[in-house]
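Please examine the sequence and the three-dimensional structure shown below. The paragraphs after them explain selected features of the fold.

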Amino acid sequence: MVNMSNPRAVNTFKSKSQLFETLNYLDRKHENDIARDVREGLTASQKYIPCKYFYDARGSKLFEDICRLPEYYLTRTEMSILRDIARDLMKTFAHQDLVELGSGANWKIRILLDAAGESNRSTLRYIPADISESAVIEASQGLLEIFPELDVLGIVADFTCQLEVLRTERPIMFLFLGSTIGNLCEHESISFLQNVSDNMKPDDRLLIGFDMVKPREILEAAYNDSQGVTSEFNKNILSVINRALGADFNPSHFDHWAFFNEEHSRIEMHLRANCDFSVKLESNRVEIEFKKGETTHTENSRKFTRASIEKMASQARLSIENWYCDPDGWFSIVEMIPDPRRSS
Ligand code: AVJ
């Protein structure tokens with residue numbers, strides 16, 4: 001059984017072959033959080049909006065489109081590494097749980113489940129955890145059509161602060177792929193990893209994907225694609241806020257801006273106002289002014305080095321078991337286990 005009781009909602013869905021459940025832990029507090037986060041972010045001197053609010057149903061779809069872009073090498077490269085290591089990872093993997101943090105679409109897990117083979121697969125449970133309910137449902141349905149013998153339990157939660165809902169009795173392989181960890185700043189990522197480590201049983205493992213530092217042109221192209229999908233994705237956060245907070249953002253008043261900040265080793269994504277205007281939030285109770293040229297910071301996407309990853313792991317009391325990367329060293333998948341000294 002998954003540990004935490006009291007999900008806000010338990011929903012049952014049908015795939016072709018069987019039923020599966022999702023447990024939704026996004027509560028009223030989460031809804032209040034949006035109002036507070038946006039008010040805080042838009043009244044700060046450097047305006048910002050937390051990037052987790054990108055992912056409504058449309059945002060999740062746009063992100064999938066990004067993953068297919070020629071410039072966006074991350075997904076393709078990570079999947080090629082996964083294909084290389086899947087057999088070794090999965091050949092003895094049975095009677096365990098696969099918990100995917102920020103699961104999104106099911107492309108990557110399919111590679112691992114394929115490699116597991118049917119007899120192992122029928123002993124496994126896949127637990128996708130994502131903030132987007134529609135992503136969890138669609139990914140689970142699709143997966144059950146391909147692997148009808150699989151046990152799936154969907155979790156709708158903010159996994160950055162609701163990790164304890166993901167404890168199970170069986171050994172777990174946690175997956176945190178796609179370099180999603182790059183969204184967290186250094187201290188946030190260390191406390192997040194510490195939190196994961198604290199929730200790990202001695203036999204649990206963690207597989208994390210990291211996008212590595214590489215020439216600026218390659219990095220910047222990945223976040224400034226020629227088809228403008230990343231720009232659409234960036235502006236979609238305004239529609240999410242309009243809907244959640246009854247705001248009146250006009251996305252066409254903003255331009256997409258993304259660049260590599262070398263000092264902080266991260267891609268920064270902003271929305272830059274292209275005229276002066278003001279926006280009302282929370283049924284007109286809050287009004288925010290934007291000046292032409294002013295930017296709102298919507299995302300950080302950190303880029304890592306072997307040294308920065310090793311440092312983070314050791315600060316989070318995790319030890320590195322295995323290190324996998326593509327021939328160019330553009331992306332790494334690192335297997336970590338709880339440091340035996342962690343609970344001293
Ligand atoms: C999902 C956080 C890994 O940072 O590359 C893609 C999100 N933003 N293009 C990333 C994203 C703009 C993506 N992550």
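The discussion takes up a helix pair, then a residue with distant sequence partners, and finally the cysteines.

The model under discussion is a predicted one. Two packed helices are described by the angle between their axes and the distance between the axes. For helix 6 (residues 186–198) and helix 9 (residues 306–315), the axes come within 8 Å and cross at roughly 50 degrees. Helix 6 is therefore oblique to helix 9. The crossing of helix 6 past helix 9 is right-handed. On the side of helix 6, the contact is formed by E186, S189, I190, L193 and Q194, which meet K311, M312 and Q315 of helix 9. By character, the residues of this contact between helix 6 and helix 9 comprise three nonpolar, three polar and two charged.

A second point of interest is T77, located in helix 3 (residues 73–90). T77 has a relative accessibility of 11% and so counts as buried. When neighbours within four places in sequence are set aside, T77 is in contact with D326, W330 and F331. The C-alpha atoms of T77 and P327 are 9.8 Å apart in space, although 250 residues separate T77 from P327 in sequence.

The cysteines remain to be considered. A disulfide is a covalent bond between the sulfur atoms of two cysteines. The criterion applied here is a pair of cysteine sulfur atoms within 2.5 Å, and by this rule the count is zero disulfides. Why does C185 form no bond with C51? The sulfur of C51 is the closest cysteine sulfur to that of C185, but it lies 11 Å away, which is too far for a bond. C185 is partly exposed, with a relative accessible area of 24%. C325 is also partly exposed, its relative accessible area being 42%.

Key. Residues are numbered from 1 along each chain as its sequence is written. This is a predicted model: local features need pLDDT of at least 70, side-chain atom pairs count only at pLDDT 80 or more; totals for chains, interfaces and linings use all residues. Side-chain values use heavy atoms; hydrogens and water are left out. Buried means under 20% relative accessible area, exposed over 50%, partly exposed in between (1.4 Å probe, protein chains only). Axes are lines fitted to C-alpha atoms, for helices over the stretch in contact, and angles run from 0 to 180 degrees between N-to-C directions. Helices (H or I, at least four residues) and strands (E, at least two) are DSSP runs, numbered from the N terminus. Angles under 35 degrees count as roughly parallel, over 145 as roughly antiparallel, 65 to 115 as roughly perpendicular and the rest as oblique. A crossing is left-handed if the near helix is turned anticlockwise from the far one by less than a right angle, and right-handed if clockwise. Contact means heavy atoms within 4.5 Å. Ala, Val, Leu, Ile, Met, Phe, Trp, Tyr, Cys and Pro count as nonpolar, Asp, Glu, Lys and Arg as charged, and the others, Gly among them, as polar.
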